Amino acid sequence: MTALELYGAPLPLRVRDDPRIHVTVSAPARAPQIAGVVGHVAQQVRVSPYRGLPLIEPAQCWVDAAATLTRPELVAAGDFLVTQRLTSIGSLGEALAMSAGRRGLSTARQALPLVRAGSESPSESMLRVVLHDAGLPPSTLNYSVFDHEARFVARVDLAYPDHRVAVEYEGDHHRINKAQWRKDIHRQGRLENLGWRVLRVTAADLTSPDPLLSRLRRALGLEW
């Protein structure tokens, strides 16, 4: 978890608030027993130098994190690692295949097919998991919309181009920043003029998604 944090991966508050440092050593060495340190022993430790520090390589960190993170949190961490080109989806799969016997492997196996490059925030990643778990069709990530004269209009978080439906996650900055709020309204109007329907999503929709899912199903013609 310490290595993932140093790589910059998004981690939940319960992890970030833990001040302890995780240190892993190769067997047969003994795990360090020092105040403020959580010691681990692994049969193989694959190290990747990062900003002058010897860290466990990102793909293995991701697999190890499955013992602590939920599946949506693990998808968000994986999205970040591959988007930032710290590793690849193939490398995540290879690390998973070589990690027999580790805790959390079931979570990692379920998370891996959902990891995608290009996600720009952990909330977008978790939204994608919510839609997947609800059985909705796969969406296109970061889809660029152009007008009838091939002029760029907007890039939307998640899109269903065949239905002209966009799903946009909005953090608090969309609400408290006046300039951003006005820009969002103008942008949505341009999309709607082209026949797009824009579903705006907030953090509350991630914890209580049923109203959002119902709206999206209706927009896609899956529910009346």
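Helix axes are lines fitted to C-alpha atoms over the stretch in contact, and angles run from 0 to 180 degrees between N-to-C directions. The structure is a predicted model, in which local features need pLDDT of at least 70 and side-chain atom pairs count only at pLDDT 80 or more, whereas totals for chains, interfaces and linings use all residues. Residues are numbered from 1 along each chain as its sequence is written, and side-chain values use heavy atoms, with hydrogens and water left out.

The axes of H4 and helix H7 (residues 122-133) come within 8 Å, crossing at roughly 130 degrees. H4 is therefore oblique to H7 (angles under 35 degrees count as roughly parallel, over 145 as roughly antiparallel, 65 to 115 as roughly perpendicular and the rest as oblique). Contacts (heavy atoms within 4.5 Å) join Arg 71, Pro 72, Glu 73, Val 75, Ala 76 and Asp 79 of H4 to residues of H7, including Pro 122, Met 126, Val 129 and His 132.

The largest nonpolar core (buried Ala, Val, Leu, Ile, Met, Phe, Trp, Tyr and Cys residues joined through side-chain atoms within 4.5 Å; buried means under 20% relative accessible area, with a 1.4 Å probe and protein chains only) has 32 residues, of which Leu 4, Tyr 7, Trp 62, Leu 69, Leu 74 and Leu 92 touch the most other members. Helices H1 (2-7), H3 (58-65), H4 (71-83), H5 (89-97) and H6 (105-111) are among the elements that each supply at least two residues of this core. Leu 74 touches Trp 62, Leu 69 and Ala 108, among others, residues up to four places away in sequence not being counted. A second, separate core of 17 residues includes Val 130, Leu 141, Leu 213 and Leu 216.

Conventions
Buried means under 20% relative accessible area, exposed over 50%, partly exposed in between (1.4 Å probe, protein chains only). Helices (H or I, at least four residues) and strands (E, at least two) are DSSP runs, numbered from the N terminus.
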